[in-house]
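Thanks for making time this morning. Please have the sequence and the model open while I talk.

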Amino acid sequence: MRVNRIVLVIATLMLVLSVVVGGCGPTATPAPAELTEAPPAEPTKAPEATATPEPAAAEAEVTITFWHLYTEAMAGANSWFKDMVAEFEKENPNIHVEMETFGSDPYKTKLPTALAAGEAADAIHNMAGNYLLPNVEEGALEPMDRYLDEGGWRDQFVPYTFDQTTFDGVTYCLPFSLRTVHIWYNKDVFSEYNLTPPETFEELLEIADTLKANGVTPFALGMKMAWQAWFWQCYLFERVAGYDAWLNAKNNTGNGWQDPGLIEALGIMQDMAEKGYFTEGTLGLDPMDVNTSFFDGEAAMILNGTFFVDQVKSLAPEGFLENKLGYFNFPIIEGGKGNPKIQHGGVGASYCINAASPHKDEVAKFYRFLFTPEHMKDLSARTNWVMSMKDSLPEDASPLLKSLAKEVEEMETYVWYMDYTVFPEAYMTFEPVLQALVDGSITPEEAAAKMQEAVD
Amino acid sequence: MTNVNQSGPVRSTGRRLWDRPHVVLLFLLPAVIMSVMFIAYPAASSAYYSLFEWQGLGGSRQFVGLDNWHRLVEDPIIWVCVWHNIVLVITAVFFQVPAAFVIAFLVARAFVIGRSGYRVAYFLPVILTVSVVGVLWTWIYHPQFGILNEALRGTGLDELALPWLGSSKTALPAVIVVMLWRFTGFYIVLFMAAIARVPEDIYDAATVDGANLWQLGARIVAPMLWQVILVAVTIAVVSSIKRFDLAYIMTAGGPVHATELLATYLFKVGILSFNMGYGSAIATFLFLLTLALVMIQFRGMGSQQISEF
């Protein structure tokens, strides 16, 4: 009959449509429990190690899942974790650790999604500072005080590192790496143009001019994700306006984010962008992608955190780390209120226990195994990183590592990473503001106003 | 039909299996279940959650009434997103679908030799994983190392070697080009299949009457394929509003929101900024917008019934 045939046609069409529409586009209305879309890792990052995030609940056998960010792009850390897991499993035959690694930017998407869906690992790598606040407020992280108070474990850490993982007196995460941000430079390029590390910011700009005149990009910078650009801004802010101004901004007191010092700092960055000191097309480039231009000598300098050192070891040509990599501290601005003993950085990453995990004690045991001075020395030796535990400097540390450790020792205090300073929602607004500033589409005053608005 | 003259209710003793109402219902059931589970229920939930202040990690929800909706209306970024999505819709409906039809028709009627080759070539981008496509094109567009700019420099067109994904002026067109590259093949294959069902005598009769290729395509075949075109346009509209993957992978919605779409903004707000309440409001808005556009489209296109062959 005509009616039934039409019904049949419509039914088939609906079925086809629902399959086709579902297949050729992503699911748009994500119900909170339903989001399956996650951006992939970028080309320079190694693929994820395969692991199933399902903790098996066999009688004495426990499997804990473990997520961290040290892919093969940071081979030193990656190998350390692998070795540590193997040793731990040998010493604890009833605990099995399933490790999975992610790229840093994809992880910032993966973790909240997984936590929201209840699929996050038992042991999770996390950021620090105010970035942790949403997790803390939702009770997604297990307080670690009871573990830290056992056996004086807490005293083995450098005390101020807990500042960035403790909220309302409760410590939620173990501080891992202690980062400082420096200007890394290619020694070969510098010697080619007879350049030496500058003492002041003005000298730095002169160096940039010389490089530009010779067709070399002064500073490698990728701004698709704004964190690398924020290194610049945080330092400029401190060097112009002083630490207290930054503190006011962080706590939204005093002048907050509309401090004239910040506006001046934003202006300096805008000028630098206009003069072409940064990588061309920086707004579309991922921070990891610009590393190549630094290794090649196309860009002479890069402002980056000390995690960069392990990336250099893994990704740069043979011998680059030993022979061509140099660094200097961000210079002071003449007439500015900055303190050269104040660095930018702080706790880079921390390790937490998923509050929804059924194996919290096993995870704590695993962490106890990892976070010992002896194992930290091992990690330090492999990566040239400075860690948050005391006595974590290996005896045979490379000159670079000794130098970096000395910087950390000598610094008076530090300016936090921007995405650890402001809450994630405000940071989401900060990002395009900085991009617009570099683009030249807004003035420094407008930028500062928008930043203040986002924080209020 | 046989049952029309029977008095009383239609009985399930129709000659064919699929005339029986129960059977029809059974066939409809999977589609209905899927619709409810994956479309109706989440859409209703999102609308419900949009009335709350909620971080999205499963904890406390605080009822805030229409606050999120007020914010949505006043948020300038939302309207930037809507504009970008509309640009996508216009490009898809008025450029991509017609172009696909023309290509499909030409391949079916004019370039008959190697037709399957064409079909494979056009469809290949569609089956590539979207992340592969996104990353591939990000590297093609790379200002220093990408083959696009290298080619431009090689032919002396240095001024055209722009930072395609890095400039707020060129980012959206650049991303749209990739979307066209990727999905046009789908429509082409859809149309090719439909055109293949047109009986040969139609062409013979029309050619005898003096119709040229253009008239064959526009005046005869296109009206015959109207239902298929309707489906294609619906898909184009819906997928343009929902688009997330390519934009997020290539530019993360930047620079400075130059490629921000409703879905990417929703993701940033709801997941990355831990504000699921506002994110749900955006999601519901997206759903309503899609609904409105599809209804308008059906009004405009659905009334023509020149098929039945």
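I will go through confidence, then the nonpolar core, then two loop residues.

This is a predicted model, in which local features need pLDDT of at least 70 and side-chain atom pairs count only at pLDDT 80 or more, while totals for chains, interfaces and linings use all residues. Residues are numbered from 1 along each chain as its sequence is written, and chains are lettered from A, with ligands numbered from 1, in the order in which they are written.

For chain A the mean pLDDT, the predictor's confidence in each residue from 0 to 100, is 84, and 90% of its residues reach 70 or more. Over residues 25–59 of chain A, however, the pLDDT is below 50. Where pLDDT is low, the predicted coordinates should not be read in detail.

Now the core, meaning buried Ala, Val, Leu, Ile, Met, Phe, Trp, Tyr and Cys residues joined through C-beta atoms within 7 Å, where buried means 20 or more other C-beta atoms within 10 Å, exposed 12 or fewer, and partly exposed in between, with C-beta atoms placed from the backbone. The largest such core has 205 residues, and Ala104(B), Val175(B), Phe191(B) and Ile282(B) touch the most other members.

Finally, Asp168(A) and Asn194(A): which sign does phi take in Asp168(A)? Phi is positive there, near 55 degrees, in a residue other than glycine, and Asp168(A) counts as exposed because it has 6 C-beta neighbours inside 10 Å. Asn194(A) likewise has a positive phi near 55 degrees, and Asn194(A) is exposed, with 7 other C-beta atoms within 10 Å.

How values were computed: Contact = placed C-beta atoms within 7 Å.
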